[in-house]
Amino acid sequence: MSVSLIFSGMQPTGNLHLGNYLGALKNWVKLQDKASCIYCVVDLHAITQPQDPKELRAATREVAAAYLAAGIDADKHILFNQSRVRAHAELAWIFNCVARIGWLNRMTQFKDKAGKNRDNVLVGLFAYPVLMAADILLYHANGVPVGEDQKQHVELTRDIAQAFNSMFKVDFFPLPEPMILGEATRVMSLRDGTKKMSKSDASDYSRINLTDDADTIALKIQKAKTDPEPLPDHEDGLEGRPEAENLITIYAALADRLKGDVVRQFGGQSFSHFKKELVDLAVSVLGPINAEMRRLAADPGHVDSVLRRGGERAAVIAEPILKKTHEIVGFLKDGG
Ligand code: TRP
């Protein structure tokens, strides 16, 4: 099946970093040439963990600004925050009455997030993947670019679509495909090449934030952990050298080149030389994004109006699909 409509989303958490850019945003930007895209800031998902209302609003704007700064075209495609389109929550409820507890019990992200104290976990956190299924199926999206960690949720979305279709003997919801992009771009911590780059890492030197200026980016790359050997001249030589592998991966992703190609260029050279090149590259790619994010932060009214218009356009697609779903389920309407 060829992908014609793409849906993806990201939670409104502050401090977006290089991992979010290379792992998600950069790929989303590229997909705009291949299909119609709907990109969402998933604020309904955010409240599955307690949020400060003011911070939630600020983070929603900041993430939307990052989408725009990275190159999402909100005129050609659709960019909005999830809570503006009520149909997401409504379809999620219907899907709560399709999905099985056993399916959700198997979700590894829930198990990780819930930890041991299951009785205290919010019902919404448990039902989170059902809402994600609603996000996607509400538009009949058939392609879902996600990281490896979300693949299981897209598979659940397929199960829910299939279960709905067979429950009501219809062929209504399509089965969306997970698109695992940037597989090679697992961006790891600059302090420990075996841990993912994360906004919750205690050390700010572990990550490059999209809000970091050029000097901060340079300092963080200069301080990034390495090992004593020069760089290998073949990709195989990166094995067992997580920090070298991470820095090469970051270079390749930023430059849109293959890792093997980058290794051939820098093979045998010292980290200090390579890091200088990496700083120049990182600053040249991230500098303009950073500048645009600052510009947008100073003009929140603009971001808000983009999201409002995006929400209106999203609703135009979602409403007829929700309406048809109501008919299939048997909800009584005037004239129905
Ligand atoms: N659960 C996703 C994450 O945490 C975000 C998300 C919500 C999403 N709804 C989605 C991603 C729909 C893709 C499609 O990364």
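**Close-up views of a two-domain predicted model**

**View 1. Two domains in one chain.** The C-alpha centres of domain 1 and domain 2 lie 31 Å apart. This model is predicted. Domain 1 covers 5–180 + 300–329 of the protein chain. Domain 2 covers 204–295. Where the two domains touch, domain 1 supplies 14 residues to the contact and domain 2 supplies 14 residues.

**View 2. The surface between domain 1 and domain 2.** About 1,200 Å² is buried between domain 1 and domain 2. Carbon and sulfur atoms give 73% of that area. Which residues of domain 1 lose the most area to domain 2? They are Leu-18, Tyr-21 and Ala-69. Together these residues make up 40% of what the domain 1 side buries.

**View 3. Polar and charged links across the interface.** Five residue pairs are in polar contact across the interface of domain 1 and domain 2, with both residues at pLDDT 80 or more. The count of salt bridges between the two domains is two. Lys-26 lies in domain 1, and Asp-256 in domain 2. The side chains of Lys-26 and Asp-256 meet in a salt bridge, at 3.0 Å from N to O.

**View 4. A buried aromatic pair.** Phe-164 and Phe-173 form an aromatic pair. How are their planes arranged, and how far apart are the ring centres? The pair is edge-to-face, with 75 degrees between the planes and 4.9 Å centre to centre. Phe-164 has 0% relative accessibility, so this residue counts as buried. Phe-173 also counts as buried, because its relative accessibility is 2%, and the cut-off for buried is under 20%.

**View 5. The aromatic cluster around that pair.** Phe-164 and Phe-173 belong to one aromatic cluster. Phe-95, Phe-168 and Phe-172 are also in this cluster. In the whole structure, a search finds 13 aromatic pairs.

**View 6. A charge over a ring.** Lys-223 and Tyr-205 both lie in domain 2. The charged end of Lys-223 sits over the ring of Tyr-205. The distance to the ring centre is 5.9 Å.

**View 7. A salt bridge between Asp-73 and Lys-76.** Side chains of opposite charge can pair when their charged atoms come close. In the salt bridge of Asp-73 with Lys-76, the closest N and O atoms are 3.7 Å apart. Are these residues buried or exposed? Asp-73 is partly exposed, because its relative accessible area is 24%. Lys-76 has a relative accessible area of 66%, so this residue is exposed.

**View 8. A salt bridge between Lys-195 and Asp-201.** The side chains of Lys-195 and Asp-201 meet in a salt bridge, 3.7 Å from N to O. Lys-195 counts as partly exposed, because its relative accessibility is 42%. Asp-201 has a relative accessible area of 17%, so Asp-201 is buried.

**View 9. A salt bridge between Lys-324 and Glu-327.** Lys-324 and Glu-327 both fall in the 300–329 segment of domain 1. Their side chains meet in a salt bridge, at 3.8 Å from N to O. How many salt bridges are counted by this rule? The count comes to 16.

Methods. Residues are numbered from 1 along each chain as its sequence is written. This is a predicted model: local features need pLDDT of at least 70, side-chain atom pairs count only at pLDDT 80 or more; totals for chains, interfaces and linings use all residues. Side-chain values use heavy atoms; hydrogens and water are left out. Rings of Phe, Tyr and Trp (its six-membered ring) pair if their centres lie within 6.5 Å; planes under 30 degrees apart count as stacked, over 60 as edge-to-face and the rest as tilted. Buried means under 20% relative accessible area, exposed over 50%, partly exposed in between (1.4 Å probe, protein chains only). A charge sits over a ring if NZ of Lys or CZ of Arg is within 6 Å of the ring centre and within 35 degrees of the ring normal. Domain bounds come from an automatic or database domain assignment. Contact means heavy atoms within 4.5 Å. Buried area is the accessible area (1.4 Å probe) that two parts lose on being put together, summed over both. A salt bridge is a side-chain nitrogen of Lys or Arg within 4 Å of a carboxyl oxygen of Asp or Glu. A polar contact is a pair of N or O atoms within 3.5 Å; within protein, one must be able to donate a hydrogen and the other to accept it, and residues adjacent in sequence count only if both atoms are side-chain atoms.
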